Amino acid sequence: MIMDDGVAGSGEHEESSLGLRSTRLNRRSFLVGSAAGLGAAGLAGCVSDDMGRAEAAKFYAAVPNEKYPIPAVDIGRLHPKYFRKIVRYESKEAPGTIIVDPANYYVYRIEGDGNATRYGANVSRPGFLWSGEVYVGRKAEWPTWTPPKEMMARQPEARKYAGGMPGGLENPLGARVLYLYKNGAYTVYTIYSTSDPDTIGQGITSGCTGLLSQDMLDLYSRTPVKTKVVMLKA
C-alpha cells in the first residue's frame, strides 16, 4: 500500500509492502505498496445517514487511551459521504462479511437485515486493482513494518528499518491491520489504518485498502480471524 511516486515493492511479514515518496521518511509517503499476488452488536458506534459534521466529529475524535494516542481527524478535509454510517445494502453475504468497493472508495461490513456499516476508504491505484474472495488470516495491533528488499535497494534511506519499524503513529500500517489470505497463504494485501483523511476517496495503493484509524478500530474490533472479505471489481 504506498506512495513511492508510483513504484511499489513487496515485503514478507508485517510490512504489507510500502514505499517512500521523498528522501524524508514520513507516514504519508508509505501509503502505497506492492501487488505481489493477488453484527449488529457494534451498530451503536456507527453514524446515521443524516449525521452532520458536528456529530461526525464525535466519532472521529482523538483516541487518547491507545498505546500510541491517536489524534482527532480533521473532518474538514473529509467529504461527508465518507463518514462512517449505517446504510441499506442488500447482500447475500453473511453478517460480518467485509466487502470492498474500490470503484466507490467504500468498505462495507454486512450487518444483516439489508443493512451494512459503510466506511470511506483509500484503494488501489490503476494497474494494481484486483478482485475476488479472500479472508482475514491474522490481525495485529500496532504492528511492526519491515521495508521490502526492493524498496531498500531503490531508496537507501529506508534501510535503517531493515530490522523492522516499531509500531507507532509514524508506522505506515497504523494502529490496526487485517492481513488478507487466500488458500492458506498471505496475499501481501491488507486492510490497514491511516490518520490521513486526504487519502480517503483516493486510489493510491498497490493492492491494500486503508481506513481512517477510528474507523479501523471499529471494524477491527468486530472482525475475527477467518472473516470472509470480498473485493469487488472496480
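**Exercise 1. Overall composition**

What percentage of the 234 residues in the protein is buried? State also how the secondary structure elements are arranged along the chain.

*Solution.* The model is a predicted one. Buried residues account for 56% of the 234 residues. The protein contains 3 helices and 11 strands. Read from the N terminus, these elements follow the order α-β-β-β-β-β-β-α-β-β-β-β-α-β. The exposed surface of the protein is about 9,700 Å², of which carbon and sulfur atoms supply 51%.

**Exercise 2. The sheet and its edges**

Determine the strand order of the 9-stranded open sheet, and explain why one side of β1 and of β10 is left without a neighbour in the sheet.

*Solution.* Step one is the order, which is β1-β4-β3-β2-β11-β6-β7-β8-β10, with mixed pairing. Step two concerns the edges: β1 and β10 (209-212) each have a single partner strand, so one side of each lacks a neighbour in the sheet. Step three adds the geometry: on average, neighbouring strands of this sheet are turned by 35° against each other, direction ignored.

**Exercise 3. Strand β3 and its two hairpins**

Establish why strand β3 is described as largely enclosed by the rest of the structure, and identify its pairing with β2 and β4.

*Solution.* Begin with burial, for which the cut-off is under 20% relative accessible area. In β3 (residues 106-112), 7 of the 7 residues are buried, so the strand is largely enclosed by the rest of the structure. Both faces are covered: Y106, Y108, I110 and G112 are buried on one side, and V107, R109 and E111 on the other.

Next, consider the pairing with β2 (residues 98-101), which is antiparallel and comprises 4 bridges. Here I98 stands opposite R109 of β3. The two strands form a hairpin with 4 residues between them, and Y105 in the turn has a positive phi of about 60°.

Then turn to β4 (residues 115-120), which pairs with β3 in the antiparallel sense over 6 bridges. Y108 stands opposite R118, and Y106 opposite G120. This hairpin has 2 residues between its strands, and D113 in the turn has a positive phi of about 55°.

**Exercise 4. The edge strand β1**

Which side chains of β1 point to the buried face, and which point to the other?

*Solution.* In β1 (residues 85-88) the side chains alternate: K85 and V87 point to one face and are buried, whereas I86 and R88 point to the other and are not. The strand is joined to β4 by 4 bridges in an antiparallel arrangement. Within this pairing, V87 has A116 of β4 as its bridge partner.

**Exercise 5. Aromatic rings and charges**

Classify the ring pair of Y179 and Y186, and locate the charged groups that lie over Y179 and Y220.

*Solution.* The structure holds 9 aromatic pairs. For Y179 and Y186, the ring centres are 5.6 Å apart and the planes meet at 75°; planes over 60 degrees apart count as edge-to-face, so this pair is edge-to-face. Y179 counts as buried at 0% relative accessibility, and Y186 is buried with a relative accessible area of 19%. R138 lies over the face of Y179, at 3.9 Å from the ring centre. The charged end of K139 sits over the ring of Y220, 4.2 Å from its centre. Elsewhere, ring pairs link Y82, Y89, Y106 and Y108 into a cluster; of these residues, Y106 and Y108 belong to the buried strand β3.

Note on methods. Residues numbered from 1 in each chain as written. Predicted model: local features only at pLDDT ≥ 70, side-chain atom pairs only at ≥ 80, totals over all residues. Heavy atoms only, no water. Buried < 20%, exposed > 50% of the residue type's maximum accessible area, 1.4 Å probe, protein only. Pairing = 2+ DSSP bridges. Areas by Shrake-Rupley, 256 points an atom, 1.4 Å probe, with all protein chains shown as cover. Phe/Tyr/Trp six-rings, centres within 6.5 Å; stacked < 30°, edge-to-face > 60°. Lys NZ or Arg CZ within 6 Å of the ring centre and 35° of its normal. Axes fitted to C-alpha atoms, helices over the stretch in contact; angles between N-to-C directions.
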